[in-house]
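Biologist: I'm new to this one, so could you take me through a single part up close? Start with how domains sit against each other, then tell me what is around them.

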Amino acid sequence: MPDSNALKQGAGLRQQEDLTLLHEVSVATAGVSRLEMCIQCGSCGGSCPSAADMDHTPRMLFAMLRAGIRDDVLRSNTPWICVSCYHCVVRCPQNVHIADVMYTLKGMAIKAKQYKDSTAPDFSKSFVDMVESFGRSFELGLATRHYLTHYPLRLPGMAGMGLGMLTKKRMHLVPSRIKDMEQLTAILDKAKTLELTE
Amino acid sequence: MNEYILYPGCSMEGSAKAYNDSLMAIKDTLGIGLHEVEDWNCCGATEYLSINLIPAYSLIARNLAIASKQANSTRTVVAPCSACYLNLSKADYYMDERPTLGQKVNEALAAGGLHYEPGSLEIRHLLEVLVYDVGLDTIKSKVVRPLTGLRVAPYLGCMVPRPDYYNRWSDHEHPTELDEVLKALGAEVIDFPLKTTCCGGHMTQIGPETAYELIRRLVSSADNYQADIMTTVCPMCQMNLDAYQAETNRHFGTHYQMPIVFFTQLMGLAFGMDAKELGFGLEVVSAKKALERIGVELPETQAPKKKVEGLPMPQRRLKKTATPQQEVEA
Amino acid sequence: MSEKFEPTIIGFTCNWCSYRAADLAGTARVKYPPNVRLVRLMCSGRMDPTFVMKALAGGADGVMITGCHPGECHYIDQNYKALRRFLLLRRTLAGLGIEPGRVKLVWASAAEGVHLAAEITKLVEEIRALGPLDWPTWNGHEEHQPEPALEVTA
Amino acid sequence: MSAEEKTPNKKPEKIGVYVCHCGSNIAGIVDVENVAKWAGEELAHKGVVIARDYKFMCSSLGQELIEKDIKEFGLDGVVVAACSPHLHEKTFRTATEKAGLNPYMCELVSIREQVSWVHTDKVAATEKSKAILSGGVHRVLYDEPLQEMKVPINPNTLVVGGGIAGIQAALEIANAGFHVYLVEREPSIGGHMAQFDKTFPTLDCSACILTPRMVEAGTHPNITLLTWSEVESVSGYVGNFNATIRKKARYVNEDLCTGCAVCIEKCPKKIIDDIYEAGLGYRKVVYTPFAQAVPKYPVIDRENCTYFQKGTCKACEKFCPTDAIDFNQEDELFNIEIGNIILATGYDLFDARKVTNYGYGRLANVFNSLEFERLSNAAGPTNGNIVLRDGKTTPKTVGIIHCVGSRDRNFNNYCSTICCMQSLKFAHLVKERTGAEVYEFYIDMRTAAKSYDEFYQRVLEEGTLMVRGKVAEVTDAARQPHEEGKLIIQVEDTFAGKQRRIPVDMVILSNGMEPRSDAKETAKKFGISCSADSWFIEKHPKLDPVSTMTEGVMIAGCASGPKDIPTSVAQGAAAAARVLDKILQKEVALEPIRATVDEIKCSGCRICNNLCPFNAISFIDDLAVTRINPALCQGCGTCVAACPAGAISGTGFSNEQILAQIDGLLMVA
């Protein structure tokens, strides 16, 4: 029997179609995604302010979901370029919860470690770490940590701005922390054991 | 006096301090009482949602649960920050639309002894409360120093008029609420075509090139319309357009100097309040020049000192321009 | 585990929409549990609360009332009257100590076979969760008696 | 009326039960032999004397079996357990009648659609079949022999709406020799079609094909043309309707007016014409909507007339050579009697201002489809020159956007069916008249009718640039120098998979169709029903598309949903055929499912009085009782359910029948 991996890559065969993918994404999305209602009209791709930087327009991504091309979907930079402006959401003639599907895809990509560029996932993770430790976000810490990892060469350029923000007291040097961190941690710990399955 | 529960959100303590200061300054004049959600936590912005769904919604819902316990005379939660407003509404709406989500979130909340019944609070944005509860007439009646002659580009950004789960806004694309407020203040309001397009959101952090292009579109359009100043309702929009304007200029070789302030600052100004008390001067692109047009003296923005901690600037210098150099040049 | 409780449910359908939806569910071979038995009325407006009482008293564990979607009634707007009666009826039932959830109102157009089947499936589960309705039985109530003719003297 | 006579009919005593196998359709899941056997034994006490099962009950052999049994056993009630009554109730009732038993003594209960086709558990299905059959047997005991009612038909017809559908319907009936009242609320008949320039796919001139029909309708001896008129109210029932018509004051005496149009020429006041010219042109205050208007008499628009506003002017009166201007005219109300009604009330154009991202109303050079029709019409405000809003510049690039307000859950969820062809027609006209570069932005190209797709091919050949994608926005916010001063159409070209920004000079929106804004009131007035969208509902969407649930009221054209011209004409003719069929029958039979009031039991509480949407219920003051007009009653039974005294009974669906059926259904646990 031929090695299936070799078949996949070597013989130029297409990836196995994964027909459960659409359902999987739909179920994991908050609210009722209505993904199955997409008519491929492209009003999302047309509306997107950052479409030029995307690997695939959102519409194409939905077609790929339908076709079950899992790896390409999860590797696509599209969800990471989404700016959550909701233009596509209000214009979608089928009321698909497009922005929320993008969040779902990001989550799935992180879980599968399938993203091409780690900048965005890392930023999200740093943000979450911060919230989980302090209960509030802490802009200076976040920005510094993030820029140090991903744009070390930019940091000096940005320093002026950062300092400006600091001197204007628009950034704090120390994070503020909520009082009942214990409660928040308990909630989040419990939440992490739960998943949307149906 | 209208009473509300206030969910300030993290940026009101930090980058959007001017928003907070000005809101606190005008609230009594407008007759609104604001009671902060006790020990509120971060709403997760646009980041937490991509990491893990149930924790993200539980994080938001903790605030809702606390607020609903607090709700005595009012069940309206006011959020001045767009992202917070959207996240709170979204959790409230989806917990109802997708009952399984509601159940799971409440299961998590129970670990902290909390519970939230979707629909039990009314989540609204500050601007909408000011327009529809306080009313344009009241706002107009408080104006003592009309902003006559100030050309303002009203800028709402995305997350206030969209997705608008409860259909509260006049339109998703060209809502008129902010324009009406500014007109009531006596300002000259330009018909800003990009008033609800995106400022780049978190892309300034994760994909700066994408963000710079979005910022450029906004600033250049406002400049084409010869706006003196832009005004916004959103901390993220203010931050991106203000703090990253110089970076954007550098990226495109442009020289825009478009100040952007919060609408509450302009309200306070029209109500005759002291500019400093309203947080003027905290903006990176100074609003001094714009406000001089209407005879308002602003304190000098403190330019950062020449001495910078960190490495020297490797980038090309900006060409000399007529407008004063930006403080980020340092 | 003990045998699953199989509730008996009487469904009132409108001749023009929900009865046809049931027909359509059949034609499309949509499957649903066999617990519901339908009575055809010309319109949900014909639904006399007495019918519901009769059904519950006669051994049904639940009742489903169906009609055209609001605004689509074949008799203009009689389904709104059904809605009002339904709301009143639920209150009456609650007053009698019966779970109002035993009576359900469902809108289903003639095109919504799948929807009707899904609603039936859901209702069966809901009634199953409520358990059997033990309506007190009064002997002599076994069969409907026509009302006695009025004696009127001129 | 004595109590004696009110006693219910004798209950049936000998009932025959027939269980159908429907081949394996039923028998595959339901143990039909067992069901029949059970009925014969367990329902014997209810009067079942014979219970059979048979392969195909609806076959002629099956029917004969019932007929034979009725005669042989003297059956006085029949219950068939087979398919849905909507399929074969008529069949079995006819068989019953053939054997000499009243057809309404036959009940058909469904064990196919409601049992064998939807359940898989054979035991449960068999038990449910027994319950359903038992319900039928219990019910048949309270069935009463009913007679169909015959009512005579008035041969006159009312046609409401003088667009192409209404004109067609009126002409068909008039040509067959019967009288028609054609009512139109605008000053002229012609409808939307009169506004169009060319008609797809043949591109023949709309006016050239429509005007002869208008003239024919205007001069036909069998047609009474009532323009500038509206139907005020309707009462009665099929064959015998009475309608009150309001003939609005024209302020022009039709007997004296020669249609010379001098008054129009002399009128000093011009206003924007937002009906006929779609807001793109002007008209005088005394006006006919267009030159070929039928009738030719003008109308004075009272709201805008200087004389009516300020008391002076009267220019029209001064110059009228025949003294036809009459400022003292008043609205006229009169009644007509008709047997049938055809509603051809048409559609409204979707208001594109609702789609704010397309900028209509904000960006000058965004036009809607009717505006473009007027712009391209040789008789329109620009004499057919396709120019920008400045009135002079010819566009060099034009973008046409499909599905504006249609196929969109934010606006209307349906497809307006005509917009693809309309847009292709626009593309052709723009190309032909201006040579401009034309883009079409579509979601799906729907050209499914005779010669339609060939037209699409032709437009492709002409070099129209097709972009498959729903346009996201039209903006004047330029990002690049070449976009300055243009309208930019931002769209995902879904075939290229790329977002594009296409600068154009002019944008044409292909707006969808909407129901008339007053469609709900119209429906209510004529006693028919509307969908949630407000389109009129057909009796059957496929098999009876021009009838409604209200006998004697037909619908034609766009009032029941978007349609093109050929379909509207076909519907007008079809509705006319329906009406002629009724007229020629001279009388109609009404289904005997009716409510009746037992006046002795009626307490005169009047609770039922406001419940009837068909105005069948009236209160007799003298006797303090309520009465129901059996010809108006449609049999919904709402009043029956509402009567607190139990005084109203509904034939075919009486309380006794339904309560007994419930008993029967619950007989099997």
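Modeller: Sure! The domain bounds I'll use come from an automatic or database domain assignment. This is a predicted model, so local features need pLDDT of at least 70 and side-chain atom pairs count only at pLDDT 80 or more, while totals for chains, interfaces and linings use all residues. As for labels, residues are numbered from 1 along each chain as its sequence is written, and chains are lettered from A and ligands numbered from 1 in the order in which they are written.

Let's start in chain B. Its assignment gives domain 1 (2-125) and domain 2 (143-329), and the C-alpha centres of domain 1 and domain 2 of chain B are 26 Å apart. The two do meet: 24 residues of domain 1 of chain B are in contact with 26 residues of domain 2 of chain B (in contact means that their C-beta atoms, placed from the backbone, lie within 7 Å). On the domain 1 side, helix H1 (17-30), helix H4 (82-97) and strand E4 (122-125) of chain B each give two or more residues. Those names are DSSP runs numbered from the N terminus, with helices being H or I of at least four residues and strands being E of at least two. H1(B) brings the largest share of that side, nine residues. Sorted by class, the domain 1 side that touches domain 2 of chain B has 12 nonpolar, eight polar and four charged residues. Here Ala, Val, Leu, Ile, Met, Phe, Trp, Tyr, Cys and Pro count as nonpolar, Asp, Glu, Lys and Arg as charged, and the others, Gly among them, as polar.

Chain B also touches chain A, with 64 residues from chain A and 67 residues from chain B in the contact. Several helices of chain A each put at least two residues into that side, among them H8 (98-112), H9 (119-134) and H11 (155-167). The chain A side that touches chain B holds 32 nonpolar, 17 polar and 15 charged residues.

Chain A meets chain D too, through 18 residues from chain A and 17 residues from chain D. Helix H3 (43-47) and helix H4 (58-67) of chain A each supply at least two residues there, and H3(A) gives the most, with four residues.

Now to chain D. It is assigned five stretches, from domain 1 (11-146) to domain 5 (595-651), and the C-alpha centres of domain 4 and domain 5 of chain D lie 56 Å apart. Chain D comes to 18 helices and 34 strands. One of those helices is H15 (519-526), where D:Ala519, D:Thr522, D:Ala523 and D:Phe526 are buried (20 or more other C-beta atoms within 10 Å of a residue's own make it buried, 12 or fewer exposed, and in between partly exposed, with C-beta atoms placed from the backbone). They sit on the same side of H15(D) because they cover an arc of only 100° around the axis, the arc being that of the directions from the helix axis to the C-beta atoms. What covers these buried residues includes strands E11 (229-237), E18 (340-343), E28 (513-515) and E29 (553-555) of chain D. After H15(D) comes D:Gly527, with a positive phi near 70°.

How confident is the predictor? Chain D has a mean pLDDT of 93, with 99% of its residues at 70 or more; pLDDT is the predictor's confidence in each residue, from 0 to 100. The complex gets an ipTM of 0.77 and a pTM of 0.80.
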